Amino acid sequence: MKKGVTPQQAAEMIPDGAILMIGGFMGVGSPHRIIDALVDLGRKNLTIIANDTARPNYGIGKLIRTGAVTRAIVSHIGLNPETQKGMIDGSIAVDLVPQGTLAERIRAGGFGLGGILTKTGLGTIAAEGQRVIEIDGEDWLYAPPLKADFALIHADRADYSGNLTYQLTATNFNPVMAMAGETVIAEPREISPVGVIPPDHVSTSGVLVDYIILRGAA
Amino acid sequence: MSPEEIIQRRVARELHAGTLVNLGIGLPTGVSRYIPHNSGILFQSENGIVGMGSPPPEGMEDIDLTDAGGSFVSAVPGAATVDSTLSFGLVRGGHLDATVLGGLEVDEDGHLANWVVPGRMVPGMGGAMDLVSGARRVIVAMQHTARGRPKIVPKCTLPLTSTRRVTLIVTDLAVIEPTDKGLFLRERAPGVEIAEIVAATSASLRIPDYVPEMGLHD
């Protein structure tokens with residue numbers, strides 16, 4: 001049986017200055033109740049690793065609006081002008097990473113790999129300050145692994161042992177982030193007894209999950 | 001016919017049955033309007049779906065099923081949803097037949113810039129760098145000029161998306177093919193004279209003896 005916590009209890013575990021991976025793509029498949037609790041607690045100086053910062057005051061965009069984020073490692077902020085403004089005026093350090101490279105850096109962090117080699121970004125400003133590695137006469141861009149203190153993920157369903165399923169495009173970064181967080185907190189839409197999820201349908205094994213956000217306990 | 005419609009109808013002719021295609025957000029998304037339902041073309045969206053369908057009927061949206069811009073979509077029979085690592089494995093690994101992307105600038109080397117205007121507009125590259133590096137064919141769909149200024153230039157002034165040459169440029173005035181011998185004018189929009197295209201292009205164009213009018217998809 002996994003430990004169940006309220007969104008508030010989850011947010012209290014997360015200190016100011018923590019490095020967080022947060023699942024979701026434009027807020028689809030994001031753990032919205034945990035985000036709300038972090039905003040309510042007024043957490044500061046957070047580093048966010050995520051695909052994007054959603055829209056102003058929606059999903060991760062709530063953490064941007066309240067000034068909780070000082071660094072963001074993301075692939076896209078085009079639909080959140082507040083993050084763009086923060087990047088331009090220097091109040092948020094934004095590292096823009098190509099989306100596929102971001103996914104693979106997180107995977108490398110969670111899968112025990114020393115990084116990845118990719119063609120993406122080679123010869124562009126996204127490669128500035130990065131290492132180019134030549135192998136058999138061919139250039140590759142090296143991208144180091146990413147890990148986080150906490151992975152905050154959304155799931156469609158959890159069972160009591162923490163096994164998770166995802167649905168449609170709400171899957172996105174959630175399964176790979178579940179591998180790369182030191183502490184993994186899952187916010188499922190529904191919680192079922194063990195056995196309800198057939199083994200073949202489990203996308204994230206419960207061995208990776210530390211806490212489950214309790215249903216309706218907000 | 002609007003400039004966007006000319007571009008979208010012409011791009012639609014580049015897409016073929018049995019292929020997997022990614023349409024960028026914005027103007028490229030509209031290409032799907034000119035693709036019949038039984039075309040045999042599968043659309044991929046980088047947030048994690050192969051077989052994306054048209055927008056659902058009003059009131060029947062699934063909050064877990066969107067495109068990469070966060071707009072609600074449907075899924076075609078035979079669709080598959082995947083996580084972000086697999087989604088970009090499809091892109092980088094050569095499994096995507098074509099991508100259609102917007103552009104800010106394209107130059108005589110066929111290099112595309114479409115993700116940032118430093119200090120002014122910093123949307124981020126999202127999946128664009130992976131798409132241009134990895135898709136088998138890269139089709140740029142954009143207006144020929146922006147506020148009267150040419151977008152097809154001798155050398156990109158904006159940061160590049162990739163150092164890989166794009167396959168084809170489709171604008172409201174022309175179809176242009178970048179090659180290792182420069183930019184070839186292949187087709188002109190209905191009623192558009194070659195001189196008009198040359199005047200709207202600051203890059204040097206190679207002009208064959210015969211430049212047909214472009215055919216547009218119904």
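Which residues have the most contacts inside the largest nonpolar core? In this predicted model, select A:Leu20, A:Met21, A:Ile48, A:Ala151, A:Ala186, B:Val140 and B:Ala141, which have the most contacts inside a core of 120 residues. Then add strand S9 of chain A, residues 148-159, since the largest share of this core, seven residues, comes from that strand.

**The core from chain B**

Stay with B:Ala141 and display its surroundings: beyond the neighbours within four places in sequence, B:Ala141 is in contact with B:Ile7, B:Val11, B:Leu27, B:Pro28, B:Val31, B:Val100, B:Gly102 and B:Val170. Two of these partners lead to the next selection, helix H1 of chain B (residues 3-12), where B:Ile7 and B:Val11 are among the buried residues, together with B:Ile6, B:Gln8, B:Arg9, B:Arg10 and B:Ala12. Seven of the 10 residues of this helix are buried, and the helix is therefore described as mostly covered. To see what covers the helix, select strands S5 (98-101), S8 (137-141), S12 (168-170) and S13 of chain B, against which its buried residues pack.

**The hairpin and the crossover in chain B**

Strand S13 of chain B, residues 174-179, is the next stop, and six bridges join it in antiparallel fashion to strand S14 of chain B, residues 182-188. Two residues lie between S13(B) and S14(B), and the pair forms a hairpin; within this pairing, B:Ile176 stands opposite B:Leu185. Following the chain onward from S14(B), select helix H4 (residues 194-199) and strand S15 of chain B, which with S14(B) make a right-handed β-α-β unit. Here the pairing is parallel, with two bridges joining S14(B) to S15(B), residues 205-206, and B:Leu183 has B:Leu205 as its bridge partner.

**A buried helix in chain A**

Now move to helix H2 of chain A, residues 32-41, and colour A:Arg33, A:Ile34, A:Ile35, A:Ala37 and A:Leu38, which are buried. The buried residues of H2(A) pack against helix H1 (7-13), helix H3 (60-65), S9, strand S11 (181-192) and strand S12 (211-213) of chain A. Just after this helix, inspect the backbone of A:Gly42, whose phi is positive, near 70°.

**The open sheet of chain A**

How are the three strands S6, S8 and S7 of chain A paired? They form an open sheet in the order S6-S8-S7, with antiparallel pairing. Strands S6 (116-118) and S7 (132-135) stand at the edges, and each has a single partner strand, so one side of each is left without a neighbour in the sheet. From one strand to the next, the twist averages 45°. Zoom in on S7(A) and S8(A), residues 138-143, where four bridges join the antiparallel strands and A:Ile133 stands opposite A:Trp140. Then bring in helix H5 of chain A, residues 99-111, which lies across S6 and S8 and runs at about 160° to S6(A).

**Where the chains touch**

Finally, display both chains and select the contact between them, which takes 32 residues from chain B and 38 residues from chain A. On the side of chain B that touches chain A, helix H2 (84-92) and helix H3 (128-134) are the elements that give two or more residues, and H2(B) gives the most, with five residues. Coloured by class, this side of chain B shows 10 nonpolar, 16 polar and six charged residues.

Terms used
Residues numbered from 1 in each chain as written. Chains lettered and ligands numbered in written order. Predicted model: local features only at pLDDT ≥ 70, side-chain atom pairs only at ≥ 80, totals over all residues. Pairing = 2+ DSSP bridges. Axes fitted to C-alpha atoms, helices over the stretch in contact; angles between N-to-C directions. Contact = placed C-beta atoms within 7 Å. Right-handed = clockwise from strand over helix to strand, strands pointing away. Core = buried A, V, L, I, M, F, W, Y, C linked by C-beta atoms within 7 Å. Buried ≥ 20, exposed ≤ 12 C-beta atoms within 10 Å, placed from the backbone. Nonpolar A, V, L, I, M, F, W, Y, C, P; charged D, E, K, R; others polar.
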